[in-house]
Amino acid sequence: YVNGIGEQPLLKRVGLRDIRRRVIPFLFYVAATTIAALDYFGTATQEHSHDDDDHHRFLASATTATSTSTFSNDLPLWLCAGGSLSGFLVYIVTVQCFFPKGDGYKNFAIPTNTDFLIHRNGEWIMLMLGESVLSLLIVDVTEGKDYYTTFYCGLLTVILLQILHFRSRPSNPEQHATRRNKDAGVWWDFFNQVYSSGLVVVGVSFKLFLYEFGFVANDRKLSEAGRSLASGGSSTITTDQRRQSIANLFCGGMAVVWLCLDIIMLLHVGLHKPLERMRSSRTSTARVKGVALAIVRLAFVAFFATLSQYETDPNHLAAWGLGGVVFQLILRRAGGLYFPQEHSHHDSHHDPEEGK
């Protein structure tokens, strides 16, 4: 950490602080690795013989799809999740509580190249969306109207999610959350990670939708092609249970994506500007259309998050997903018409309050 180009004392401070910040997540990951290894090389190898004809993969599992054991060790998964969350928690607390306000934090951290960050983050999101397209393409084709309807709905949804993403981010580095203040920047980093995870979940859900048509066509059970990853457990679940789980995954993932996009947009501009645009400049009263749009956006996210409780059919959910993204784009367009400043890329040149 002392061999970087720049001020060596600052590089050393930043490097040592990052090492200390990663100690707690590192301990979580070590514990998860240790427990998973003990499961894999201990109980799992004693109960099962892994011959070449067995198509199952038992990774860090104390039980399998064909085992009569009811023990299922989910602890490594929870430890990995805890490691990731603890890392962000330490990072957020460090920046918000111990970094000075204003530009003083630059004495404790290396400033972010925001222009480069926008470019690289755009490539990262394209990679996440590309994985969703790949998930649709690598599934064996099942002839039938439902399969092709779900496939093309998924493909169009991914394309529209890409449009929605790039309509929601600033193109001017001066309007980015990392330039607004340190607190907005650190929360942008957190919600960007959650947003990326949501995109991955949506892509996996579309793949599982297409798998469902294969199971129906071939009268197969999930256990025949199962993989026990980390937790093992029995795969002998009914079709309704499996579809309910997939529906929960898809609806939750889409809701997380839309909610994170809204939060990220607020982090870019702050709460002051949206609230000002929702009030009439002449009467200082709330604009009914603005309040209604905000309520509709939040209500639609809440509705979609609970949609899996009413609908589990893969074909219908894929259509709902496509319609939901179209509706989100319509809401953004309506916001742009009623509040044109929301999509202006030149506010920083005309608004004297920008950057405060």
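In this predicted model, Ser135 makes contacts with Gly203 and Lys207 once its neighbours within four places in sequence are set aside. Ser135 is found in helix α4, and with a relative accessible area of 12% it falls under the 20% limit and is therefore buried.

Ser135 has company in this respect. The buried residues of α4 are Thr114, Ile118, Asn121, Gly122, Ile125, Met128, Leu129, Ser132, Ser135 and Leu136. The helix itself has the length that its residue count calls for: at 1.5 Å a residue, the 24 residues of α4 should span 34 Å, and the C-alpha atoms at its two ends are indeed 34 Å apart.

A helical partner of α4 comes next. Helix α4, covering residues 114-137, packs with helix α5, covering residues 145-168, at an angle of about 175°, and the two axes are 10 Å apart. Because angles over 145 degrees count as roughly antiparallel, this description applies to α4 and α5. On the α4 side, the contact is made by Asn121, Gly122, Ile125, Met126, Leu129, Ser132, Val133, Leu136 and Leu137. These meet Phe151, Gly154, Leu155, Val158, Leu161, Gln162, His165 and Phe166 of α5. Sorted by type, the residues of this contact comprise eleven nonpolar and six polar ones, with no charged residue among them. Several α4 residues appear both in this contact and in the buried set, including Asn121, Gly122, Ile125, Leu129, Ser132 and Leu136.

Leu161 of α5 also leads on to another part of the protein, since it is one of the residues touched by Trp258. Trp258 lies in helix α8, which runs over residues 239-269, and at 0% relative accessibility this tryptophan counts as buried. Apart from residues up to four places away in sequence, Trp258 touches Leu161, Leu164, Phe300, Val301, Phe304, Gly324, Val325 and Gln328. Trp258 can also be placed relative to Tyr195: the two are 63 residues apart in sequence, while their C-alpha atoms are 8.3 Å apart in space.

These local details sit within a protein of twelve helices and two strands. Along the sequence, the elements follow the order α-α-β-α-α-α-α-α-β-α-α-α-α-α. Of the 356 residues, 40% count as buried. Among contacts with a sequence separation of 6 or more, 79% are between residues 24 or more positions apart. The accessible surface of the protein amounts to about 20300 Å², and carbon and sulfur atoms contribute 61% of that area.

Definitions and conventions
Residues numbered from 1 in each chain as written. Predicted model: local features only at pLDDT ≥ 70, side-chain atom pairs only at ≥ 80, totals over all residues. Heavy atoms only, no water. Axes fitted to C-alpha atoms, helices over the stretch in contact; angles between N-to-C directions. Helix = DSSP H or I, 4+ residues; strand = E, 2+ residues; numbered from the N terminus. Parallel < 35°, antiparallel > 145°, perpendicular 65-115°, else oblique. Contact = heavy atoms within 4.5 Å. Nonpolar A, V, L, I, M, F, W, Y, C, P; charged D, E, K, R; others polar. Buried < 20%, exposed > 50% of the residue type's maximum accessible area, 1.4 Å probe, protein only. Areas by Shrake-Rupley, 256 points an atom, 1.4 Å probe, with all protein chains shown as cover. Expected span 1.5 Å × (residues − 1).
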